[in-house]
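Visitor: I would like a close look at a single buried position in this protein, and then a connected account of how the rest of the fold is arranged. Please take your time over it.

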Amino acid sequence: KSNHAHDELNFVTALRFPQYRSLLYSSFSFGWAAFGVRVSLIPLLVAVTFGGDATAAAWILAAYAAGNAALIFPSGRWTDTIGRKPMLITGMAILAVSYGAIAAAPSLWVLAGIMVVAGAGSALANPGHQAVLADVLAGKRGGNVVAGYSMASDLGGVLGPAIAGAIVDFAGFGWAFALTAVLLALGAFFW
């Protein structure tokens, strides 16, 4: 059996790469917003602020998906032609501005528009995350490196609803979405 140790990249070694550290934080904030806060707080915002039902919440979440679907394939191409960093910064910045605007939406229609823009931001950032991960791995085996990336997003997805939900209880939706916007803005800044 041949030794493939030179074909592997472990998590600790990957942490030496600045782009991997940026990826971990960006993935954490992306997970916080896209997988945590969006799924848990948007339906509550729709119900509490607008008196919306489950159908209204589903349409608002679908607006995000529509924005994402519209740009995900071109974004993959742009990530390769324009570059990872510009696409990641743009996508994370659009997400930050969008999440910062959510609580100020005066109607469900405006909220739906904000969610389309947020979904587009998600589409601009997501292929860049995965491309940077592939760049870091550079063709090497790195299950723990991939797991670290995935865990950062999962951790954001777990902590986002818990912390932002507590903020909603104590200070309101505006503060919870403002914190989310700040975390996303930092995700753009760290690139």
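Guide: Serine 153 counts as buried, because its relative accessibility is 9% and the cut-off for burial is under 20%. The model is a predicted one, and in it serine 153 sits in helix H6. Setting aside residues within four places in sequence, serine 153 is in contact with Ser27, Phe28, Gly31 and Phe35. Those partners lead to helix H2, which runs over 18–50, while helix H6 itself covers 143–171.

Further along helix H6 comes valine 168, and this residue also counts as buried, because its relative accessibility is 18%. When residues up to four places away in sequence are not counted, valine 168 touches Leu41, Phe173 and Ala176. Glycine 31, one of the contacts of serine 153, is 19 Å from valine 168, C-alpha to C-alpha, with the two positions 137 residues apart in sequence.

From here the account can widen to the nonpolar core. The largest nonpolar core holds 51 residues, and Tyr99, Ile102 and Phe177 are the ones that touch the most other members. Six helices each supply at least two residues of this core, namely H2, H3, helix H4 (84–102), H5, H6 and helix H7 (173–189). The largest share of this core comes from H2, with 14 residues. In soluble globular proteins, nonpolar side chains tend to be buried together.

Phenylalanine 177 deserves a closer look within that core. With residues up to four places away in sequence left out, its contacts are Val37, Leu41, Ile42, Leu45, Tyr99, Gly100, Ile102 and Ala103. Two of these, Tyr99 and Ile102, are named beside Phe177 among the members of the core that touch the most others. Leu41 is touched by phenylalanine 177, and Leu41 is also among the residues touched by valine 168.

The next part to consider is the largest pocket, which encloses about 150 Å³ of space. Its lining consists of Ala56, Trp59, Ile60, Ala63, Leu108, Trp109 and Ala112. By class, that lining has 7 nonpolar residues, with no polar and no charged ones. Helix H3 (54–81) and helix H5 (108–137) each supply at least two residues of the lining, and H3 gives the most, with 4 residues.

One of the lining residues, alanine 63, lies in helix H3 and counts as buried, because its relative accessibility is 11%. Not counting residues up to four places away in sequence, alanine 63 touches Ala112, Met115 and Val116, and Ala112 is itself part of the pocket lining. The C-alpha atoms of alanine 63 and alanine 120 are separated by 10.0 Å, although the two residues are 57 apart along the chain.

Helix H3 also contains threonine 55, which is partly exposed, because its relative accessible area is 48% and that class lies between the limits of 20% and 50%. The C-alpha atom of threonine 55 is separated by 9.6 Å from that of proline 43, which is 12 residues away along the chain.

A position with an unusual backbone angle comes next, in the loop between H5 and H6, where alanine 138 is placed. Most residues other than glycine have a negative phi. Alanine 138 is not a glycine, yet its phi is positive, at about 45°. This alanine 138 counts as exposed, because its relative accessibility is 58%.

Finally, these parts can be set against the whole chain. The secondary structure comes to 7 helices and 0 strands, and the pattern read along the sequence is α-α-α-α-α-α-α. Taken along the principal axes, the C-alpha atoms fill a box of roughly 65 × 35 × 30 Å. The radius of gyration is 18 Å, which agrees with the value near 16 Å that a compact globule of 191 residues would have. Buried residues make up 46% of the 191 residues, with serine 153, valine 168 and alanine 63 among them. Among contacts between residues at least 6 apart in sequence, 81% join residues at least 24 apart.

Note on methods. Residues are numbered from 1 along each chain as its sequence is written. This is a predicted model: local features need pLDDT of at least 70, side-chain atom pairs count only at pLDDT 80 or more; totals for chains, interfaces and linings use all residues. Side-chain values use heavy atoms; hydrogens and water are left out. On a 1 Å grid over the protein atoms alone, a cavity is a set of points where a 1.4 Å probe fits but cannot get out, and a pocket is an open set with protein on both sides within 12 Å along at least five of seven lines; lining residues have an atom within 4 Å of a point. Grid points are joined across faces, edges and corners, and a volume is the space filled by probe spheres set on the points. Ala, Val, Leu, Ile, Met, Phe, Trp, Tyr, Cys and Pro count as nonpolar, Asp, Glu, Lys and Arg as charged, and the others, Gly among them, as polar. A nonpolar core is a set of buried Ala, Val, Leu, Ile, Met, Phe, Trp, Tyr and Cys residues joined through side-chain atoms within 4.5 Å. Buried means under 20% relative accessible area, exposed over 50%, partly exposed in between (1.4 Å probe, protein chains only). Contact means heavy atoms within 4.5 Å. The radius of gyration is taken over C-alpha atoms; the globule rule is 2.2 Å times the number of residues to the power 0.38.
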